[in-house]
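Colleague: Could you take me closely through the part of this model where the protein copies meet, and then say what lies beside the DNA?

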2 protein chains.
Amino acid sequence: MTIQETGTARPAGRPRSEKAERAIIEATLDLIGEGMGVSDLSIEAIASRAGVGKTTIYRRWSNKEDLVVDALATLKAPMPRLSGTSVRDDLISLLDAMRAESGQPRSRCVMNIAMSEADRYPRLMERFMKRAVEPRREAMRAVIERGVASGELRADLDVEMGMALLSGAMIWHTKWGPEGELPADLAERVVDAALSGMAP
Amino acid sequence: MTIQETGTARPAGRPRSEKAERAIIEATLDLIGEGMGVSDLSIEAIASRAGVGKTTIYRRWSNKEDLVVDALATLKAPMPRLSGTSVRDDLISLLDAMRAESGQPRSRCVMNIAMSEADRYPRLMERFMKRAVEPRREAMRAVIERGVASGELRADLDVEMGMALLSGAMIWHTKWGPEGELPADLAERVVDAALSGMAP
DNA sequence: TCGTTGCGAAACTTGGACGTATCGAAATTA
DNA sequence: TAATTTCGATACGTCCAAGTTTCGCAACGA
């Protein structure tokens, strides 16, 4: 018996480097964040960026898609804490988290991939949606439903439509709004616009 | 002097085939519509799909990006005729045109490219936005401004925000809504939701 | 009819990425 | 210390698409 028996018995030889593994995933996310599509990614580019031998990648992942799946899976949703004081405040919090993320190249991964690669990599998308998108969506849905129940929102509100208005407006600004950073008060303005509507 | 002097004097030799040119552009749009990114397109695939020799492509375009630019430029916006009776009706017409297009593979080009390739092909995007997106955007802006002027919409409405709500909600449904075709009444529901707002 | 140019097909060269193998060094167990 | 495994680096053969060239034929003007 060996001294350490916690979990799996460590095999002989040099252990795999956690650091290398993280560097590989970071490099992958970086490249995707810079606008690369999945099919543009090359293992060689990832290895080079990560300062790692190709062997070290192939020892862990047998192909590019597996690597991307794992890389995206590490993008956990750091959901904003919701104050719960008012539906308006909570919606602003959620949308402002979107705004903040849209500035970071890293989080652009989410959008770039979600937007463009759905058709080509369905397996990847499925897992990615579940991991990174669904939790946020669920959070927003919960807030809206709470608002309907509490009377802060219209009783006859279509919840999905509400999500479409709010999220869609944020996406629109990200992609087609004025150049540069999104304004700091964008989330608030979007929420207020969606709440009050366009009609007088 | 030659007999025909109408415009440019025809050079000697066999004239270029209009048919081949159209076939090339059609093939390009088809492939993009099937979900291919610009970088996934191969000249050989285009030539093969168009039933054309690679030579015939390279004789006209010196590289892939030029070809894609021209191909997308032919996607003219078949703008819906606006009745002008009410702002609501006109907005529904505009959004319903979006819905109808999202069903056609050909028009998915617009979305796929616009969504995903912005960072990588800025030159392409610029020309494409000008040609295919800006006219529709301008039409919607005009309708909203008319509504503000006529009192059909809030006097203090932020026009850009209104566009974001409407267009964004349509995009959201296209990309993340329930599977399958968009419901026939989606445009109407989006417009009404955006007009009346989420607050009671 | 003849010269010119475009046509599709195919051969060709080049370059990049793939995935594998091999190297000496490093890290760990026994 | 010896055995084992991973490390980064690099070389290798394969494949695929890019882009160029060549070929025989077709379409046009003179």
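**Where the two chains meet**

Modeller: This is a predicted model, and the relation between the copies is a good place to begin. Chain A can be superposed on chain B with an RMSD of 0.3 Å, by a turn of 179 degrees together with a shift of 0.1 Å along the axis. That is how a two-fold axis relates two copies, and the same surface serves both of them, since 100% of the contact residues of chain A recur in chain B.

In the contact itself, 35 residues of chain A meet 35 residues of chain B. On the side of chain A that touches chain B, the elements giving two or more residues are helix 6 (105-116), helix 8 (159-176) and helix 9 (186-196) of chain A. Helix 8 of chain A provides the largest share of that side, with 11 residues. Sorted by class, the residues of chain A that form this side are 16 nonpolar, 12 polar and 7 charged.

Turning to the DNA, 28 residues surround DNA strand C, and the closest of them are Arg14(A), Gly13(B), Arg14(B), Gly53(B) and Thr56(B). Both chains take part through their helices: helix 2 (43-50) and helix 3 (54-58) of chain A, along with helix 3 (54-58) of chain B, each supply at least two residues of the surface near DNA strand C. The classes on this surface are 8 nonpolar, 11 polar and 9 charged residues, whereas the side of chain A that touches chain B has 16 nonpolar, 12 polar and 7 charged ones.

Terms used. Residues numbered from 1 in each chain as written. Chains lettered and ligands numbered in written order. Predicted model: local features only at pLDDT ≥ 70, side-chain atom pairs only at ≥ 80, totals over all residues. Least-squares fit on C-alpha atoms with pLDDT ≥ 70 in both. Contact = placed C-beta atoms within 7 Å. Helix = DSSP H or I, 4+ residues; strand = E, 2+ residues; numbered from the N terminus. Nonpolar A, V, L, I, M, F, W, Y, C, P; charged D, E, K, R; others polar. Near = placed C-beta within 6 Å.
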